[in-house]
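Reader: I'm new to this one. Can you walk me through it?
Author: Sure. Have a look first, then ask away.

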Amino acid sequence: MHLKFKSIPTVFLLLLLLAASYSASAQKQDSIILNETFRDKPLTDFLDTLQFKYGLRVFYKPEWVKNHVVDRTLKNAPLIQALNNLLIESGLTFQYFQDDGLIIYPESTGNENRLFEAAQLLIIGNPLNKGKFKTAVLSGKVTDGQSGDPLAGAVIYPSGNYKGTTTNRDGLFSIELPPGDHKLRFSFMGFESADWNIRLIESGYEEFELYEESHAIDEVTVVGKETNLPRSQMSMVQMTSAEIKRLPSLMGETDIFKSLTMLTGVQTVSELSSGFNIRGGNTDQNLILVEGSPVFNSSHLFGFLSLINPDVVQDVRLFKGGLPARHGERVASVMEVDFKDGNTEQVQVSGGVGIINSRLAMEGPLDKKKKFTFVAGGRSSYANWILKKVPELNLARSVTHFYDASGKLTWRFDQHNRISITGYNSNDEFSTSAQSVTRYGNLLGNAQVNHRLAEQLHGELDLAHSEYAYELTDYANNNPQESYSLSNFLSYSSAGYNLRWHPHPRHKTGAGFKAVSYLTEPGKITPLEVSTRINAKVLDAEKAVEWAAFLEEEFELSQSFSISAGMRYSSFTRYGNELVYLYDESQPIHPDNVVDSIRFKNEAIKSYGGFEPRFSARYDAGTNTILKFGYQRVRQHIFQLSNNAIASPAETWKIADYHLKPLISDQIAAGIENESLLSGGMVSAEIYYKKLQNLIEYKNGAKLIMNENIETALIPSDGYSYGMEISIRKDAGRLTGYAGYTWSRTMRRTNSRFEQENIRNGSYYPSVYDKPHDLSLNATYNISRRWRFTASFVYISGRPVTLPEMSYRYQDEILIWYSERNKYRMPPYHRADVSLTFDENLRRKRMWKGSWTLSVYNLYGRQNPYSIYYRKTIPGVENNYRRYSLYKLSVIGIPVPSITYNFKF
Amino acid sequence: MKTVIKYLIIILFLNSACETVYNPELDPVDKVLVVDAQLTLGNSLHKVILRKSKGFNEPGNYQPVAGAQVFIQDDSGEEIIAMEQEAGEYSVHLEIIPSRRYRLLIYSEGETYTSEFEPVPEVPDLDTLYTREFVKWTQPGGETNTSEFRKEPGHQVYIDIAGNDHQKYYRFSARRVIQFYVFFDTVMFGGIVREIKYGWESFGPSGTYNIAGPSEYGSDNRIIQHPLEFFPYDESAYLDSTQKAAGWIYIIHQYGINKQAWLYYRDLVSQLNAEGKIFDPLYVQAQNNITCTTDPNKLVLGNFEVCSYREHRYLIKLNDHQDYHTIREIHDFHDIPGSGVINFYPPYFWEQ
C-alpha cells in the first residue's frame, strides 16, 4: 500500500492531521511484539511483514525506502522500539494513525537538532509500561557492523554511577539499570566507540553494531578482557583484530604468534623458532588451549607459521600472569584460542592463496532454526622453495610439507545453554638430504557444555583430549640393515567442570575441578627392514594422573577497590609398571652409580601435590588511574627435553617422576594504568618478579633420546626472572598505535650437590631467553577513510650465547674451547616493517569489495642473527685466513616486499 | 553465499637468508696446556707434542711448550722419559706391549699432568671395501659462497668390519693420490711423435675426523656400510685441462682406538659439524682423559691416545659413461712421493 504524494509539504500537513489522532487511537500498534530476523533484507521486506503478518496498514513512498536495508534480530521487541531502532539509521521517521496505521516518511531537514537527538534515542520496552518497573535488564548483542560477527570483550559503560559490563564470547551482555534515560558507551579495541541514548522502560533486548576504525576486513581478534574475568585481572596482553591485520606480515602471512611478540613480555627467538617465550619462560611453560585442548607443538614449518588457522579463530586471550584459579598446569602463560561457532544466518566460504600455503574455511547453519552451526577449515603448504633459499646445505636440500584441519559443531539450545564439539588435526613432515624424514602431528578433540543452572549460576563441562606424535625415520646412509624409525608419543585426556555464580553485582564466585590423565611413550626404535641389525626397543610407557580443584572469589569492596582471591590445589601421581633406579647419594647421578632399584607393578610410584594461591587487587586511584597487584603460584608436571637453544619439533615430552620434581613458579606483579596521560590512549606499566624451582638443565653432551635413565642426563636447577613492562596505546584519532618496552632479566643456576656437575660453579647465569631490552613500536596513520599507512619497529637485545673463547691445535685440526655457559650475547635483533593499505569500499551493499596492501618486511635489510656456529671454511681475507671461522646465520636478511590483494563477494 | 579469496603476490624474494663471518669481541683468556700424544702399536718412535692454546681471535701460531718433562708409564710400573727433539716436540722410543696399559705424565711450569691408563687396542682390519654410486651436494664456490649448490655424481666408498668382542672403535685417515696422463708431442727420428707424461698428485682426507663405532641401536658390534671417501666422476677439480685422469690410489689409514678416544673424537666431530643446524644445538665441550693433579681446577686440553694401526690401499677408477668401474685392492705398499711427473714411463707405484 503506497501513498502517492505530490509534494513534501503536503505530506507534512497530512501527517500533522494524522498525528493528532495518534494518542487517542494508537492501540493495536502498542500491542504488537515482534520476533523477527532480517539479514541484509530490503526495508520493504520489514514493512511488508508488518503489513501482512501483523495486520498494519503501512504507507510510504517507494523511493524513500528503496535504498535501505534491515540487518537486525528482533526479540520480543515492541513495535515502537523496533521502528525507532530500525529507522534511525535510514534518515526516516514514522507516525501511527488510527489504530492500525503506520506512515513512514523522511525526517525533516528543518529541525536537525531534534532529529539528531531522536536518531540517537533507542527505546527499550513498551511505552505503555512506563513507570511500572523499578529495575530493568538491558540484554543485547554487540556485533561487528561490517561482518555481523559477535564482538567478545566489548565494553559497555553507562553514564552515571553505574557499573559497566562486557560481552561474552558470543557478543552477548546484560546490564541491570533503573528505568529511564541512559547514555551507554560501547567500545571495543580497534573499533570506533559509539554512544547510544537509551530510554529504558522495561527489560528488553537490542543489538548494537560497532565499526572498525578503518573498516578493515575482519581478522582474528586478540582481546584483553572477557566477562568471566575479575576487574582486577592483570598481566593480560591484548591486541585487536585491526592491529593484527595492520602489522606487516611475513611474506603476506598474518600469524597470531608473530603478532603477539610485538607485545610486552612476549618474545620469540627468531623468525624460525617454535613457540614463544613469556617473561623469560621456556616454550614448554606455555599452555596453549585450542578450545580447551592443550597443544604440545604449536608450530608449522619449524616455526614459520603457528598451528592456528586464523580463518576459524574467534578470539585469543593470553595470560602472562594473573592466572585465574581455573587455570594451571604451566608456569609461564596460558593462551586460550576459541574457534568461531559458525555463522547463524548463512553459509560462508573463505580462503586464501598464499605463497607458502593455501587455506579454505567454511561456516554456517546446519538447520533451519539456525541453532546448529558449524565451522571447518584447513591449510596445506608448499614451502620447499623457501628452504632452497637458505644458504645451508642441509636446509637447502630439505623438503617440507604440512597440513592442518579443524572444525567445530555448536548446538545452541538458547542464549545460555549450548554444546560444542571441536576437532583439530595437523601433520608436518620434513626431510634433509634424503637420509632422514621427520614427521610430527597434533590431534585434538574437545566437547564443551555450557548451561545455566539458575538465574545467576552457570556451569561448564569441558572434556578434552590431545595427542602429539613424533617420528624420525633414519635411512642410515641408505643402509637398509641399519635403517630405523625413532618415535615418541604423548596423550593427554582431561575432564573438568566449572561453576560460575554471580549472587550479587559486586560478588562473583567460581569453583571447579579438573582431572588429567597423561600417557607418554618416551621412545621406540623400530627397524625399517625385516633383515636388520637394529634391535627393536621400546622404553616403558609413562603414566600419570593429575587433578586439581579450585575456588575463586571476586569482591568489589567499594566503587574503587576490588579484589579477587583464588586457591587451587593440584595433585599429581605417577603410576604404572616401572623399574626405578636408586643412586649412590655420595656420587653424582650416573648409570655407574646405581646402588639399587625398585620395581613398581601397576601402583603409585611418586606423588606430588600442593596449593596454588592466586590473588589480585585493583584500586581506582582517581584521575583515570588504576593500580593493580597480583600474586600467583603455579605447578607444572610435564616438561620438554631439549638439547637445542631454539625449541624444535623434535623435542620429547617428559612427565615428572620419582627423581624429577614438578616445576614450581611464584610470580608477584604490580601495575598501573592511566587513561588521562595520553589523549585518546592508555599508558600502563607492570613490574614482576618470578621465582622458579626444579628447572631442568642438561649435563654436557646429555643423551635425551632413548635414555632409560634420563635423570642421569639432568642437573637440578632453579632460576628467577624480573622485569618492567611499559606500554602506551592510542586508539583514537587519525594516528593510532602501540608502543611497548620491556626491561627484564632471566637467570638460571644449577644446584647439584656435586661441584663438578654445576655450570659456572653453581652461580647464576643468564638463561638463553634473557633479553634485557625489548622495544616494540607500531603506528598507523589513517590518511583517509580508505588509505592508511602502518609502520612498526622492534628492537630486542641479543640472546645469550656460548662462544668459542680459545682455539688449540690437535692432530692437525684447529679445535675450540667454549666459554662459560651463555657468557656472551648475539648482536641485537631489530627490524622495521611498513605497509600501505587501500581499504575496501565502505558501502555495505556493494557485492565486490577489494583492498590492496603493499608491505615491506625488514625494511632496511637487517641481517638479524638466528644462530652462530663454528665450522670449517676456506681461508680468506674475511676470516683472517683461518681454516675455521665463526658464522652468523640470518634467516631473513634482506627487505621482503609483498603486495596483497584481498577481495570478497 | 559469500566467498572470500585472498591473493598474495610476491614482487621480490631472492636469497633472503644469508650467512656471514662473525668476529665477536671476546674476553682475554689465559693460555692453557694442549697435549697431542699418540702411542701406536707397531711403531717404535712416538711423539708427544705440547703447545699452548690461544685466544680465539688471537693471531699467530700456537706457542710450543718447551722444557717440560714427559714420561710414558705402563701399568707394570715401567717409566720411560721422552726427549725433547725440538721446542714442544718430545719423542720416546718404546715398543708397545699389547697386554699392558699406558699413561702419560707431564711436569711443566710447576704443574703435574697425568692421563688415565689406556689399554692397547687390537690391530684393526677391514672385511669389505666397496663403492656405490652416489650424488653428493657441494658448494662449488667454497663453503663461504652460498650462492650455488651443485650435485656431483660419483662413488661413495664404504667399508664393513666384522663384529669383534675386543675391538669396536676405529678412526680413519686417508691419502688420495690421483694418477694422470699428459700427452705431448716430441720430435723423434725426424718426426713428431705423441708421447705421454705420467703424473700424480696427493690430497688429504675430506671432512673432519672419520670415526666408526657400533651402531647405537645395533644388535651386534659389526660396522656395516661405514662411509669413507667420495670419488667424483668428474676429476677436473683436481686436474688442469692438459691432464687426463688415470685413477686414484686410495691409501686408508685405519686406527683401532679405545672407547674413551672414540668419545673424545665424537665430541670434536660434534663441535666441527655444528654448522648451520636449523635448531642451533647447544655446544659440546670435548671431554679428554688428562687432568692437572696439582690443581684440579686447571684446564688442560688435548688427549692421550693409545692406538693400533693398519694400512689399506685400493685402486679406484670410475667411468661415468660405462657401467664398469675398477675397485681393486693394492698389495704393494710403495712409498709414493707427494706429487710428480715422469716422462715416457710410468713410476714404479703406478697402477693400471
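Reader: Let's start with charges. How many salt bridges are there over all chains?
Author: The count comes to 48 salt bridges over all chains. Keep in mind that this is a predicted model.

Reader: Pick one. Which residue does E471(A) bridge to?
Author: R439(A). Their closest N and O atoms are 3.3 Å apart.

Reader: Where do the two sit?
Author: E471(A) is in strand β30 of chain A, residues 457-474. R439(A) is in strand β29 of chain A, residues 436-454. The pair links distant parts of the chain, 32 residues apart.

Reader: Is E471(A) buried, exposed or partly exposed, and what about R439(A)?
Author: E471(A) is partly exposed, with a relative accessible area of 27%. R439(A) also counts as partly exposed, at 31%.

Reader: Next one. What does K537(A) pair with?
Author: E708(A). Their side chains meet in a salt bridge, 3.9 Å from N to O.

Reader: How many residues apart are they in sequence?
Author: The two are 171 residues apart in sequence. E708(A) lies in the loop between β41 and β42 of chain A, while K537(A) is in strand β33, so the salt bridge ties those parts together.

Reader: And how exposed is each?
Author: E708(A) counts as exposed, at 54% relative accessibility. K537(A) is partly exposed, at 33%.

Reader: What about D718(A), which residue is its partner?
Author: R749(A). The closest N and O atoms there are 3.0 Å apart. D718(A) is in strand β42 of chain A and R749(A) in strand β43, so the bridge ties together parts 31 residues apart in sequence.

Reader: Is D718(A) buried or exposed?
Author: Buried, at 9% relative accessibility. Its partner R749(A) is partly exposed, at 28%.

Reader: Which residues are linked in a network of salt bridges?
Author: E291(A), D341(A), K408(A), R412(A) and R418(A).

Reader: New topic. How many disulfides are there over all chains?
Author: Zero disulfides, over all chains.

Reader: What is a disulfide, again?
Author: A covalent bond between the sulfur atoms of two cysteines.

Reader: Back to this model, then. Are C292(B) and C307(B) buried or exposed?
Author: C292(B) is buried, at 2% relative accessibility. C307(B) is buried too, with a relative accessible area of 0%.

Reader: Tell me about chain B. How many helices and strands?
Author: Chain B has one helix and 22 strands. It has 352 residues, and 50% of them count as buried.

Reader: How much area does chain B expose?
Author: About 17,000 Å². Carbon and sulfur atoms supply 48% of that.

Reader: And its contacts?
Author: Take those in chain B between residues at least 6 apart in sequence: 67% of them join residues at least 24 apart.

Reader: Over to chain A. What is the strand order in the open sheet of three?
Author: The order is β2-β5-β4, with mixed pairing. The edge strands are β2 (57-59) and β4 (92-97), each pairing on one side only. From one strand to the next, the twist averages 20 degrees.

Reader: How many bridges join β4(A) to β5 of chain A?
Author: Six, and these strands run antiparallel. Q95(A), for example, has I103(A) in β5(A) as its bridge partner.

Reader: Which helix lies across β2, β4 and β5 of chain A?
Author: Helix α4 of chain A, residues 43-52, at about 150 degrees to β2(A). Helix α6 of chain A, residues 79-87, packs on the sheet as well, touching β4 and β5. The direction of α6 makes about 155 degrees with that of β4(A).

How values were computed
Residues numbered from 1 in each chain as written. Chains lettered and ligands numbered in written order. Predicted model: local features only at pLDDT ≥ 70, side-chain atom pairs only at ≥ 80, totals over all residues. Heavy atoms only, no water. Disulfide = S-S within 2.5 Å. Buried < 20%, exposed > 50% of the residue type's maximum accessible area, 1.4 Å probe, protein only. Pairing = 2+ DSSP bridges. Helix = DSSP H or I, 4+ residues; strand = E, 2+ residues; numbered from the N terminus. Axes fitted to C-alpha atoms, helices over the stretch in contact; angles between N-to-C directions. Contact = heavy atoms within 4.5 Å. Areas by Shrake-Rupley, 256 points an atom, 1.4 Å probe, with all protein chains shown as cover. Salt bridge = Lys/Arg side-chain N within 4 Å of Asp/Glu carboxyl O.
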